[in-house]
Amino acid sequence: MTGPTVSRHTRIIQVREMLDSLERITPARRHSVAETIVRMLRGEALDPDLTFRPSQRQTVVRSLDDLEHEVSQGVPEPSAFDRKAQILID
């Protein structure tokens, strides 16, 4: 569940839980969960309430584009996808 009534902290916890599940779920489900993770991270990163320097925003958007590209290529490798996503979360 995401949306304006769910706090940023709760959404990040949800993303972390989904990342933790990647190695335990089927490849088809992994693809779907990875797509959801990218969508949620993009929503967080593009939140107008966040203040990024332009160079930071560019780096975040580029990293999200890389994750999205990885998902579009098929089923992402769980540990690599998790590592890239964790960098964005942190």
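## A predicted four-helix chain

A compact globule of 90 residues would have a radius of gyration near 12 Å, and the chain, at 13 Å, agrees with this; the radius is taken over C-alpha atoms, and the globule rule is 2.2 Å times the number of residues to the power 0.38. The model is predicted, so that local features need pLDDT of at least 70 and side-chain atom pairs count only at pLDDT 80 or more, while totals for chains, interfaces and linings use all residues. Residues are numbered from 1 along each chain as its sequence is written, and side-chain values use heavy atoms, with hydrogens and water left out.

The chain has four helices and zero strands, which follow one another along the sequence in the pattern α-α-α-α; here helices (H or I, at least four residues) and strands (E, at least two) are DSSP runs, numbered from the N terminus. Along the principal axes, the C-alpha atoms fill a box of roughly 35 × 30 × 20 Å. Of the 90 residues, 37% count as buried, a word that stands for under 20% relative accessible area, with exposed meaning over 50% and partly exposed in between (1.4 Å probe, protein chains only). Among contacts with a separation of 6 or more, 56% come from residues 24 or more positions apart, where contact means heavy atoms within 4.5 Å.

Helix α1 covers residues 8-21, and its 14 residues reach 20 Å from the first C-alpha to the last, close to the 20 Å expected at 1.5 Å a residue; the expected span is 1.5 Å times one less than the number of residues. The buried residues of α1 are R11, I12, Q14, V15, M18, L19 and S21, and they pack against α2 (27-45) and α4 (78-89).

Two buried residues are set side by side below, with contacts that leave out neighbours up to four places away in sequence.

| Residue | Place | Relative accessible area | Contacts |
|---|---|---|---|
| V38 | helix α2 | 2% | L64, L67, E68, V71 and F81 |
| D47 | loop between α2 and α3 (54-72) | 14% | R8 and R57 |

V38 can also be placed relative to T59, which is 21 residues apart from V38 along the chain, their C-alpha atoms being separated by 15 Å.

As to charge, the chain has 13 positive and 14 negative side chains, and the centres of the two sets lie 2 Å apart. Lys and Arg count as positive and Asp and Glu as negative, with His and the chain ends not counted, and each charge is placed at NZ of Lys, CZ of Arg, CG of Asp or CD of Glu.
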